[in-house]
Amino acid sequence: MHRSWLWLLPLASLPLLAAPPVVRTEIRLPNLPDLVTLKCDLHLHTVFSDGEVWPPVRVIEAWRDGLDAIALTDHIEYQPKTNDIPSNLSRPYELAAGVAREHGLLLIRGAEITKSPDIGHYNAIFLTNILDIAHDDVVESVRLAHQQGAFVFWNHPGWRIAPDQPIVRPHQEQMIASNWLHGIELWNDDTPYTNVWPWAMTTKLTWLGNSDYHRPIPPPTEHHANHRTLTLVLARERTVPALREALFQGRTLIWSGNLLAGRREWLEPFVAACLQLDPPHLRDSKRVVAELRNVSDVPLELVRLEGTGPATISVPAGRSVLVRIAAPTNSPARLVYAVQNALCGPGEPARVQWTIER
Ligand SMILES: [Zn+2]
Ligand SMILES: [Zn+2]
């Protein structure tokens with residue numbers, strides 16, 4: 001009797017054949033009134049330039065990591081895999097679009113204009129046709145992207161520029177003056193590109209932070225302790241047009257490691273929304289005791305600036321701490337703190353304050 005198929009029997013009984021489902025780790029961040037905080041990674045590569053990942057995998061990773069939106073931004077001028085994969089800049093978005101719809105993830109068609117370090121790299125997102133913006137001259141390339149209604153931002157400014165050389169050059173000033181360049185990536189993965197931060201504060205550029213991952217992205221650990229660098233976009237709703245509008249209006253924050261960064265006008269109300277000081281549950285003649293709750297995934301470090309309260313307060317992500325506040329009954333207790341890991345600029349922490357009536 002022919003029994004050569006019998007070796008298959010042990011395989012058929014293996015329970016491993018059922019793959020575990022991909023689980024989404026939700027990111028806990030507050031929404032400001034009338035706005036929704038969209039967690040976005042707007043700089044990602046695939047095998048269609050120098051990345052190691054097939055485009056739909058970027059969508060699955062982003063959904064797993066609790067994101068709302070990603071942009072696929074393969075290099076236009078750097079296509080090292082053309083012997084294996086045909087150069088086709090429209091394919092990453094097309095291949096990923098169906099998986100994005102299935103996962104409810106906002107997917108943005110983008111590309112990275114990739115010139116020499118002194119000219120710089122620029123991501124153009126919300127493009128309609130990527131090939132049409134390819135041009136030897138960076139200013140012309142960015143102008144063509146602008147013509148398509150794209151949001152264009154300057155990636156990792158200062159990358160591979162010698163310390164004695166200027167980072168901001170006339171062509172960037174020209175693109176900003178023409179309103180063709182709209183944003184600047186101040187954080188790229190875990191690297192801050194903050195030498196130009198004081199200059200960026202004098203411009204109207206929108207601030208961004210992205211992963212720029214080329215390899216597969218490791219899953220986040222508990223409480224997003226090792227989350228990828230993100231741009232938090234404060235949009236009117238969770239749609240691609242609302243995301244685009246918020247970027248053009250500069251309503252963004254950066255979340256990299258345990259650091260938040262953003263324009264004071266958005267960062268201070270955001271940090272205030274992360275921290276909730278409950279009404280005191282104990283009041284006596286000399287003090288009040290209240291709980292300070294951190295409803296976000298960002299651990300926050302507070303240092304007293306003026307008023308009363310402990311000299312420092314650490315509030316871990318998603319936890320509460322008990323705060324004992326010296327406060328005589330005859331006057332309200334005023335607490336004013338700097339949030340050391342929420343920066344409006346270099347050495348400029350965001351402030352939060354509370355008043356407790358006595
Ligand atoms: Zn690359
Ligand atoms: Zn890149």
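By class, the residues lining the largest cavity are 6 nonpolar, 1 polar and 2 charged, where Ala, Val, Leu, Ile, Met, Phe, Trp, Tyr, Cys and Pro count as nonpolar, Asp, Glu, Lys and Arg as charged, and the others, Gly among them, as polar. This is a predicted model, in which local features need pLDDT of at least 70 and side-chain atom pairs count only at pLDDT 80 or more, while totals for chains, interfaces and linings use all residues. Residues are numbered from 1 along each chain as its sequence is written, chains are lettered from A and ligands numbered from 1 in the order in which they are written, and side-chain values use heavy atoms, with hydrogens and water left out.

**The largest cavity**

To see this lining, select Leu72, Asp74, Leu89, Pro92, Tyr93, Arg109, Gly110, Ala111 and Ile130. The elements that contribute two or more residues to it are β2 (69-75), α3 (91-103) and β3 (106-114), with helices (H or I, at least four residues) and strands (E, at least two) taken as DSSP runs numbered from the N terminus. β3 gives the most, with 3 residues. The volume enclosed is about 50 Å³. A cavity here is a set of points, on a 1 Å grid over the protein atoms alone, where a 1.4 Å probe fits but cannot get out, and its lining residues have an atom within 4 Å of a point.

**The zinc site**

Next, select the zinc ion (ligand 2) together with His43 (NE2), His45 (NE2), Glu112 (OE) and Asp212 (OD), which coordinate it at 2.0 to 2.5 Å; donors are N, O and S atoms within 2.8 Å of the metal (3.2 Å for Na, K and Ca), and because water is not among the atoms, sites may look incomplete. The 4 donor atoms around this zinc ion subtend angles of 77 to 163°, which makes the arrangement irregular. His45 lies in the loop between β1 (36-44) and α2 (55-64) and Asp212 in the loop between β8 (206-210) and β9 (230-235), so this pair ties together parts that are 167 residues apart in sequence. Both His45 and Asp212 are buried, that is, under 20% relative accessible area with a 1.4 Å probe and protein chains only. Adding the zinc ion (ligand 1) to the selection shows the two ions 4.7 Å apart.

**The cysteines**

Finally, select Cys40, whose sulfur is 16 Å from the closest cysteine sulfur, in Cys274, too far for a bond. Cys274 is in no disulfide either, since the nearest cysteine sulfur, that of Cys344, is 13 Å away. With a disulfide taken as a pair of cysteine sulfur atoms within 2.5 Å, the count comes to 0.

Technical notes. Four donors count as tetrahedral if all angles lie between 85 and 135 degrees; four count as square planar and six as octahedral if opposite donors are over 155 degrees apart and all others between 65 and 115; anything else is irregular. Buried means under 20% relative accessible area, exposed over 50%, partly exposed in between (1.4 Å probe, protein chains only). On a 1 Å grid over the protein atoms alone, a cavity is a set of points where a 1.4 Å probe fits but cannot get out, and a pocket is an open set with protein on both sides within 12 Å along at least five of seven lines; lining residues have an atom within 4 Å of a point. Grid points are joined across faces, edges and corners, and a volume is the space filled by probe spheres set on the points.
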